[in-house]
Amino acid sequence: ICGASSFVRGRDIIKIKVLAGAGFSLDLIRGFHLGRSTTLSSLQAAFWMDYDHIYIVGLDMTTAEYHDKSDNPNVSPTARIERFKNEATYWRRATEILIEQNLIHKVTMVTNCNPFPFVQEYEIENNLKEPAWRSH
């Protein structure tokens, strides 16, 4: 689930309607807000599938020092930082909606490298030696 312009023909492909703007959809039939984030799209899919709890492992919209190590030479560290600022705008709105609908408790972030304030709204697990998500 990555973008409105990506489409591969085949038997095992589902095309999902893209909803404009920042938001969060609980209804796959209505469509998803993509927000330039495969993780945000996947989170909407997980809610639509009605999982009891969802773990997001390694959401990495982080600082330039991380991006300098990127193996994608087509995206400069500066361009990547700007993309993540834009992506964070969509995540912030999705987080607000999850709080408004009292659903934020269903998500745990397993990350220690994300500088964006919206992450602090989620339960955060950073015990990677014995993570709780492994037992689920």
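## Salt bridges, a nonpolar core and paired rings

In this predicted model, the side chains of R93 and E100 meet in a salt bridge, with N and O 3.4 Å apart; the term stands for a side-chain nitrogen of Lys or Arg within 4 Å of a carboxyl oxygen of Asp or Glu. Because the model is predicted, local features need pLDDT of at least 70 and side-chain atom pairs count only at pLDDT 80 or more, while totals for chains, interfaces and linings use all residues. Residues are numbered from 1 along each chain as its sequence is written, and side-chain values use heavy atoms, with hydrogens and water left out.

R93 also forms a salt bridge with E96, where the closest N and O atoms are 3.1 Å apart. Since E96 and R93 are three residues apart in helix α3, about one helical turn separates them. An α-helix has 3.6 residues a turn, so residues three or four places apart point the same way. R93, E96 and E100 are thus described as linked in a network of salt bridges. The structure holds three salt bridges, and one of them is formed by the side chains of D50 and K106, at 3.7 Å from N to O. This pair links distant parts of the chain, for D50 is in the loop between α1 and β1 and K106 in the loop between α3 and β2, 56 residues apart. Helices (H or I, at least four residues) and strands (E, at least two) are DSSP runs, numbered from the N terminus.

How far the charged residues are open to the surroundings is given by relative accessible area, with buried under 20%, exposed over 50% and partly exposed in between (1.4 Å probe, protein chains only).

| Residue | Relative accessible area | Class |
|---|---|---|
| K106 | 13% | buried |
| R93 | 29% | partly exposed |
| E96 | 33% | partly exposed |
| D50 | 55% | exposed |
| E100 | 58% | exposed |

K106 therefore counts as buried at 13%, while its salt-bridge partner D50 counts as exposed at 55%. D50 follows α1 and has a positive phi, near 65°. Leaving aside neighbours within four places in sequence, K106 is in contact (heavy atoms within 4.5 Å) with F47, D50, Y51, D52, H53 and I54.

From the charged side chains we turn to the nonpolar ones. The largest nonpolar core, a set of buried Ala, Val, Leu, Ile, Met, Phe, Trp, Tyr and Cys residues joined through side-chain atoms within 4.5 Å, has 20 residues, and those with the most contacts inside it are F24, L43, F47, W91, L98, F118 and Y122. The elements that give two or more residues to this core are α1, β1 (54-57), α3 and β2, and the largest share, five residues, comes from α3. Within α1, the residues L40, S41, L43, Q44, A45, A46 and F47 are buried. L43 touches F24, I54, I56, W91, L98 and V107, if residues up to four places away in sequence are not counted.

Strand β1 shows an alternation: I54 and I56 point to one face and are buried, whereas Y55 and V57 point to the other face and are not. Strands β1 and β2 run parallel and are joined by four bridges, where strands count as paired if DSSP finds at least two bridges between them. V57 in this arrangement stands opposite V110 in β2.

Which rings pair with one another? Rings of Phe, Tyr and Trp (its six-membered ring) pair if their centres lie within 6.5 Å, and planes under 30 degrees apart count as stacked, over 60 as edge-to-face and the rest as tilted. By this rule there are two aromatic pairs. F24 and F47 form an edge-to-face pair, at 5.5 Å centre to centre and with 90° between the planes. F24 lies in the segment before α1 (38-48) and F47 in helix α1, so the pair ties together parts that are 23 residues apart in sequence. Both F24 and F47 are buried. W91 and F118 form a stacked pair, at 5.7 Å centre to centre and with 10° between the planes. The pair of W91 and F118 links distant parts of the chain, with W91 in helix α3 (residues 77-100) and F118 in the loop between β2 (107-110) and β3 (123-124), 27 residues apart. W91 and F118 are both buried.
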